[in-house]
Amino acid sequence: MKRILFVAVFLTIAMQLRAQSNAPVRLALISENDQAATAADVLTVQFSHDSKIQLLERAQIARVYSEQGLSKANTDYLKLGQILGADGLLLLQTATEGTNQFLNIRLVAVKPGVVLLAEKFA
């Protein structure tokens, strides 16, 4: 009985804490290669309709690249995300295996510095 009460209280507190955060998630979409730019464009359109997501401007990302001396070939994505003040980074990259082409997507949480999702789509 005590465990059930503890779980109920914990869930109630957790729901209230989550409800207090009404700020949209700051997300940066980053194409790691030129072929992934089309996918980034499609996702930009989709995410721009969601009020819970605030997309960071491409110009702002490009400015940080140039100011920090970062390059797309050799970059520290966590550093980039921290400088941008992003909550998350959605990294898009295309890859070819034989005659098949894939879109690799990684969702990175900037503050803890962990990959939340890594998927490969045909």
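Here is a short walk through the structure, from its nonpolar cores out to its surface. This is a predicted model, so local features need pLDDT of at least 70 and side-chain atom pairs count only at pLDDT 80 or more, while totals for chains, interfaces and linings use all residues. Residues are numbered from 1 along each chain as its sequence is written, and side-chain values use heavy atoms, with hydrogens and water left out.

Let's start inside. The largest nonpolar core (buried Ala, Val, Leu, Ile, Met, Phe, Trp, Tyr and Cys residues joined through side-chain atoms within 4.5 Å; buried means under 20% relative accessible area with a 1.4 Å probe, protein chains only) has 14 residues, and Ile-30, Tyr-77, Leu-80, Leu-84 and Leu-89 touch the most other members. Strand S1 (25-31), helix H3 (58-68), helix H4 (77-84) and strand S3 (88-97) each give it two or more residues; helices (H or I, at least four residues) and strands (E, at least two) are DSSP runs, numbered from the N terminus. There's also a second, separate core of eight residues, with Leu-27, Leu-90, Leu-103 and Ile-105 among them.

Now look at Ala-95, over in strand S3. Ala-95 has a relative accessible area of 23%, so it counts as partly exposed (that is, between the buried cut-off of 20% and the exposed one of 50%). Leaving aside neighbours within four places in sequence, Ala-95 is in contact (heavy atoms within 4.5 Å) with Asn-100, Gln-101, Phe-102 and Asn-104. Gln-35 is 60 residues away along the chain, yet its C-alpha atom is 9.0 Å from that of Ala-95.

Finally, Leu-116 sits in strand S5 (residues 114-121) and is exposed because its relative accessibility is 56%.
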